[in-house]
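Trainee: I would like to go through the terms used for this model and see what each one rests on.
Mentor: Then ask about them in turn.

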Amino acid sequence: SPGLGSAFGAIAATVRVDAVRSIYLTDAVATATDLDRLFGELEEQAVGEFTSQGTDTEPEIRRSIAMRYQGQNYEQEVSVAGGHIDGHALRAIYAEYGRLYEEFYGYRLDRIPIELVQLTVIAGGPTAALEGELLAGSDAEAEASVRQVFVPEHGFVDTPIRRRQTLAPGEAVQGPLIVEAMDSTIVVPPAWRLERLPSGILDLTRA
């Protein structure tokens, strides 16, 4: 649907709210109680903003902490399971950071303090279910025709006119061709070839 661009995307996009808070804590001073409280505040904010979008669905909640070894500039995002954060859960979070760091860099720095720099809570909903026939048009509109179309360097040329929804997956057509849709018109010059990919994308290749 190229002619609709971001307007169509706004309808199809998943409703999502990111609640983010910058912090500066280290594993030496951060407590499970601190993180449990902060995540609770962020989750309340994210769910409230999600609900205000007018959706009646229950949001899916994802939580994470951006962490790094002290003195470094790059963080690793560590997923945090839902529910109450206690001492055991906090130790598991630090262990997961060490595992991710080692997986990425090939080693770990167990004796270096860990800095917690950002908390994130994402409240997201399901993707809108949009049917492919939304822009299909009527059967009458789908009738093929031929028109005289002016083509530079060729003059007026008999040109097939096709509705986009009549192009079958895998079908290839040599130009000249005009493909009409509710939201756009695609011109295929004589020296070009159009193929409808299984995804629905129209791929144009110069001969």
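**Contacts, cores and a sheet**

Mentor: The model is predicted. Leaving aside neighbours within four places in sequence, L116 is in contact with I23, Y24, L25, T26, D27, A30, L35, I65, A66, M67 and Y94.

Trainee: What makes these residues contacts of L116?

Mentor: Contact means heavy atoms within 4.5 Å, and each residue on that list is in contact with L116.

Trainee: Which residues touch the most other members of the largest nonpolar core?

Mentor: I65, M67, L116 and L119 do, in a core of 29 residues. Two or more residues each come from β1 (16-26), α2 (32-51), β2 (60-69), β3 (76-80), α3 (87-105) and β4 (114-124). Of these elements, α2 gives the most, with seven residues.

Trainee: Why is L116 called buried?

Mentor: Members of a nonpolar core are buried by definition, which means under 20% relative accessible area. L116 belongs to the largest core, so L116 falls under that cut-off.

Trainee: Which residues are among those of the other core?

Mentor: L177, I186, V188 and L202 are among its eight residues, and this core lies apart from the largest one.

Trainee: What makes β5 and β9 edge strands?

Mentor: The open sheet runs β5-β6-β8-β9, with mixed pairing. β5 (145-151) and β9 (185-188) each have a single partner strand, so one side of each lacks a neighbour in the sheet.

Trainee: How do you know that β5 and β6 pair?

Mentor: Pairing needs at least two bridges; β5 and β6 (residues 155-163) have seven, in the antiparallel sense. Within β6, D158 stands opposite Q148.

Methods:
Residues are numbered from 1 along each chain as its sequence is written. This is a predicted model: local features need pLDDT of at least 70, side-chain atom pairs count only at pLDDT 80 or more; totals for chains, interfaces and linings use all residues. Side-chain values use heavy atoms; hydrogens and water are left out. A nonpolar core is a set of buried Ala, Val, Leu, Ile, Met, Phe, Trp, Tyr and Cys residues joined through side-chain atoms within 4.5 Å. Buried means under 20% relative accessible area, exposed over 50%, partly exposed in between (1.4 Å probe, protein chains only). Helices (H or I, at least four residues) and strands (E, at least two) are DSSP runs, numbered from the N terminus.
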